[in-house]
Amino acid sequence: MLKKISKIPFKGTAEQEQKLKAVIAECADDKSLLMHVMQEAQEIYGYLPYEVQVMIAEGMNVPLEKVYGVSTFYAQFALSPKGEYNISVCLGTACYVKGSQEVLNKLTETLGIGEGECTADGKFSLEACRCIGACGLAPVMTVNDEVYGKLNAKDVPDILKKYGI
């Protein structure tokens with residue numbers, strides 16, 4: 001049995017559901033279009049919550065486990081919503097060696113969410129990535145498109161203050 005990943009209640013609208021059902025109806029006869037339907041669903045909802053995966057599985061007449069398997073295999077799919085401020089901490093080799101895990105731990109502690117989660121108010125989401133491409137600034141994190149480098153865990157509270165915490 002698959003379970004819900006996000007702590008945030010699903011808030012899909014009737015309009016979103018109608019759009020998704022239209023996409024599914026166009027593709028339901030061709031199971032090879034499953035990934036296309038999932039991409040469209042993510043475009044509509046911003047992520048692929050459990051409820052949307054169920055709609056896709058039922059509409060495409062494929063097992064829910066297959067939809068879940070595709071959504072967890074490909075990095076392009078998100079199972080939880082992104083916050084207004086999406087924080088990404090680089091855990092690539094240069095960043096990791098210089099302490100990025102401690103930065104991630106401090107963010108987790110401060111925000112009360114884990115990697116791949118979003119705060120209940122939808123303001124912050126947190127993820128880890130493998131390389132931002134700013135190794136000379138290691139350790140690095142981003143908040144949306146803003147890059148913060150040469151960090152340590154003590155820098156986290158001041159950075160978050162800029163975003164309302």
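The following exchange between a trainee and a mentor introduces this predicted model.

Trainee: What kind of model is this, and from which number does residue numbering start along each chain?

Mentor: This is a predicted model, in which local features need pLDDT of at least 70 and side-chain atom pairs count only at pLDDT 80 or more, while totals for chains, interfaces and linings use all residues. Side-chain values use heavy atoms, with hydrogens and water left out, and residues are numbered along each chain, as its sequence is written, from 1.

Trainee: What span should helix H1 have?

Mentor: Helices (H or I, at least four residues) and strands (E, at least two) are DSSP runs numbered from the N terminus. The expected span of a helix is 1.5 Å times one less than its number of residues. H1 holds 14 residues, 14-27, and its end C-alpha atoms are 20 Å apart, which agrees with the expected 20 Å.

Trainee: Within what arc do the buried residues of H1 fall?

Mentor: Buried means under 20% relative accessible area, exposed over 50%, and partly exposed in between (1.4 Å probe, protein chains only). The buried residues of H1 are Gln16, Leu20, Val23, Ile24 and Cys27. Seen down the helix axis, with directions taken from the axis to the C-beta atoms, these residues line one face of H1 because they fall within an arc of 100°.

Trainee: Against which helices do the buried residues of H1 pack?

Mentor: Ala14, Glu15, Gln18, Ala25 and Glu26 are exposed on the other side of H1. Contact means heavy atoms within 4.5 Å. The buried residues of H1 pack against helix H2 (34-45) and helix H3 (50-60).

Trainee: Which element gives the most residues to the largest nonpolar core?

Mentor: A nonpolar core is a set of buried Ala, Val, Leu, Ile, Met, Phe, Trp, Tyr and Cys residues joined through side-chain atoms within 4.5 Å. The largest has 22 residues, of which Leu20 and Ile56 touch the most other members. The elements giving two or more residues to this core are H1, H2, H3 and H4. The most, six residues, come from H2.

Trainee: How many residues apart are Phe10 and Tyr45, which form an aromatic pair?

Mentor: Rings of Phe, Tyr and Trp (its six-membered ring) pair if their centres lie within 6.5 Å; planes under 30 degrees apart count as stacked, over 60 as edge-to-face and the rest as tilted. The structure holds four such pairs. That of Phe10 and Tyr45 is tilted, with 5.7 Å centre to centre and 40° between the planes. The pair links the segment before H1, which holds Phe10, to helix H2, which holds Tyr45, and the two are 35 residues apart.

Trainee: Is Gly83 buried or exposed?

Mentor: Gly83 lies in the loop between helix H4 (64-73) and strand S1 (85-90). Leaving aside residues up to four places away in sequence, Gly83 touches Cys118, Gly122, Lys123, Phe124 and Ser125. With a relative accessible area of 12%, Gly83 is buried.

Trainee: How far from Cys135 is the nearest cysteine sulfur?

Mentor: A disulfide is a pair of cysteine sulfur atoms within 2.5 Å, and by this rule the count comes to zero. Cys118 is in no disulfide, with the nearest cysteine sulfur, that of Cys129, 17 Å away. Cys135 is also in no disulfide. For Cys135, the nearest cysteine sulfur is that of Cys131, at 4.2 Å.
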